[in-house]
Amino acid sequence: MNGAHEEQFRGWALSQRPGLRRTAFLLCGDWYLADDLVQEALVRICDAWPRVGSAPDLTRYSRRVLVNLYLDHRRRPARRESPHADLPDTEMPEHDPGTREVLLQALRRVPPGQRAVLVLRFFDDMSVEQTADALGTSAGNVKSQISRGLGALRGALADVGLTDAFDLQEQP
């Protein structure tokens with residue numbers, strides 16, 4: 001990569017990294033893994049920069065790379081292992097997590113593909129068509145995955161003790 005391409009990539013990467021990191025965290029629920037996913041996505045985009053650097057919507061392309069890396073990570077069982085030197089002798093005490101932590105906990109229980117659609121559609125505020133384009137699938141499949149994903153999220157929220165947050169009724 002020549003100097004001009006390197007400067008363009010560096011500027012783009014610095015501006016996009018925080019958003020990519022937030023998206024990666026919402027996908028995986030682990031800041032360390034999110035950092036790894038973003039780093040790998042940026043390496044791949046850097047390698048392809050001479051071809052894709054002048055693309056009109058590089059943000060969409062970068063999210064697709066990120067989601068593909070996340071889904072690939074989820075498919076490889078060996079990557080999900082987390083070895084520990086010392087195992088705890090007792091259970092960790094229960095604590096009262098805030099709403100944010102409860103929502104993230106529930107989101108982690110949504111299947112990875114559905115979680116990817118929910119994050120892109122609602123957190124990154126993409127349209128159904130943009131989400132479909134980012135994931136390389138049809139708009140109908142995105143709508144189906146949204147429906148299933150919201151159902152899974154409702155169930156996960158109910159399991160962690162929250163009432164159905166999607167159907168809150170006004171109190172009289």
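User: Among contacts between residues at least 6 apart in sequence, what share joins residues at least 24 apart in this chain?

Analyst: In this predicted model, the share is 64%. A contact here requires heavy atoms within 4.5 Å.

User: Why is the chain described as helical, and in what order do its elements run?

Analyst: The chain holds seven helices and zero strands. From the N terminus on, the order is therefore α-α-α-α-α-α-α, each helix being a DSSP run of H or I with at least four residues.

User: Why are residues such as Val117 and Leu118 of α5 called buried?

Analyst: The term applies under 20% relative accessible area. Helix α5 spans residues 112–123, and its buried residues are Gln114, Arg115, Ala116, Val117, Leu118, Val119 and Leu120, so each of these falls under that cut-off. Of the 172 residues of the chain, 34% count as buried.

User: Which helices do the buried residues of α5 pack against?

Analyst: They pack against α1 (3–28), α3 (58–75), α4 (99–108), α6 (128–135) and α7 (139–159). After α5 comes Asp125, with a positive phi near 55 degrees.

User: What makes Phe9 and Trp12 stand out in the largest nonpolar core?

Analyst: This core has 46 residues, and Phe9, Trp12, Leu37, Leu42, Leu66 and Val67 touch the most other members. Two or more residues come from each of α1, α2 (31–52), α3, α4, α5, α6 and α7. The largest share, 10 residues, is that of α2.

User: How do you know that Val67 meets residues distant in sequence, and which are they?

Analyst: With neighbours within four places in sequence left aside, Val67 is in contact with Leu27, Ala116, Leu120 and Leu135. Each of these pairs therefore has heavy atoms within 4.5 Å.

Notes
Residues are numbered from 1 along each chain as its sequence is written. This is a predicted model: local features need pLDDT of at least 70, side-chain atom pairs count only at pLDDT 80 or more; totals for chains, interfaces and linings use all residues. Side-chain values use heavy atoms; hydrogens and water are left out. Buried means under 20% relative accessible area, exposed over 50%, partly exposed in between (1.4 Å probe, protein chains only). A nonpolar core is a set of buried Ala, Val, Leu, Ile, Met, Phe, Trp, Tyr and Cys residues joined through side-chain atoms within 4.5 Å.
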